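Here is a short tour for anyone who would like to get their bearings before going back to the bench. Have the structure open beside you and follow along.

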Amino acid sequence: MFRLRLHFSLVILFPFLFSSAVAQKDANAVPPQRDGEVRLPLVGLADVAAERSVDPRVVLPDGMTVLPHPATGSVHRAFGPPLRIPGYDRITDDNVRDAAAAFLRTYRTAIGVDPEQLQLQRVTKVRGRWYVTWRQQYDGMDVLLSEVELRLFANGNVAMYGAAVYPDISVPDGARIGPSEAWSAAVEGLDVVPALRKPVVRRTAVLPIGHGSDLHYRPVYEMPVQERDGRTWMSYVDAGSGDLLWRRETSFGIGTELHARGSVTLVHPHEPALT
């Protein structure tokens, strides 16, 4: 028997995602990579990361140390003296959701957006503490690359939280492309089986692009794609222009078969490695 570690992908991926190149349909276009990936744009992110400060509209609790998000100035991570949630001296599996919601209301000025804009995604318990995660929404659409997460201890303390949010979203109105046009962009450069049925647009989301004062927002269609060899992708197609803005792989190690047996220990990326 050997021990496997199951890592949860709860960390905010913005710095990685924003440090890539975008494919556009103009003269300065960067074509998709040969492996099918299309990356988000680099807009001088490395140059501004060291100088980024927290958005002045965010009012932080006393004594908190903050790591600003390099793209937005939101709170990438805040940690320091434990924060208390009024009315919750003990946290249990039964009250953790209510306690987390109370945290959002109590410290709403430290989050950066109205709690009503946040939708609960998951509650994960690791080694006697809870990680509660939300995603921002705008006009009923998910805001991609957004995440609010807090760490709750059984004694009611909140030792750390993060709030990568976008308070100034504005999505342009206008005509939307049809499913067939969106599908053509989604599969561009991939080896897919021709669709026998009319493609269906799963949902529309908001995709932030750029950073700081250059940040803008596009409505995108999220479209899953599968190639002939079994590799799968998620394509994000601009719902207005039809441009393929981003494509990421959602399958790994295709063609490699592995059988493993043993105990599984949950390991959160913010916790020290277990030995």
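The points below cover a hairpin, the nonpolar cores and an open sheet.

Please keep in mind that this is a predicted model. Two nonpolar cores come up here, one of 31 residues and a separate one of 18 residues.

**The β2-β3 hairpin**
- Strands β2 (residues 65-68) and β3 (residues 75-83) run antiparallel and are joined by four bridges.
- Across this pairing, V66 stands opposite A78 in β3.
- Six residues lie between the two strands, and in this hairpin G73 takes a positive phi near 80 degrees.

**The nonpolar cores**
- In the largest core, with its 31 residues, F103, I111, L150, L152 and Y161 have the most contacts inside it.
- At least two residues of this core come from each of β3, α3 (96-106), α4 (108-111), β5 (129-138), β7 (147-153) and β8 (158-164).
- Helix α3 gives the largest share, six residues.
- The second core is separate and has 18 residues, among them V206, I209, L215 and L245.

**The open sheet**
- Four strands in the order β9-β10-β11-β12 form an open sheet with antiparallel pairing.
- At its edges are β9 (203-209) and β12 (244-249), each pairing on one side only.
- On average, neighbouring strands are turned by 35 degrees against each other, direction ignored.
- Five bridges link β11 (residues 232-238) with β12 in the antiparallel sense, and M234 stands opposite R248 in β12.
- Helix α5 (residues 179-186) packs on this sheet and touches β10 (216-226), β11 and β12.
- The direction of α5 makes about 75 degrees with that of β10.

Conventions
Residues numbered from 1 in each chain as written. Predicted model: local features only at pLDDT ≥ 70, side-chain atom pairs only at ≥ 80, totals over all residues. Heavy atoms only, no water. Pairing = 2+ DSSP bridges. Core = buried A, V, L, I, M, F, W, Y, C linked by side-chain atoms within 4.5 Å. Buried < 20%, exposed > 50% of the residue type's maximum accessible area, 1.4 Å probe, protein only. Axes fitted to C-alpha atoms, helices over the stretch in contact; angles between N-to-C directions. Contact = heavy atoms within 4.5 Å.
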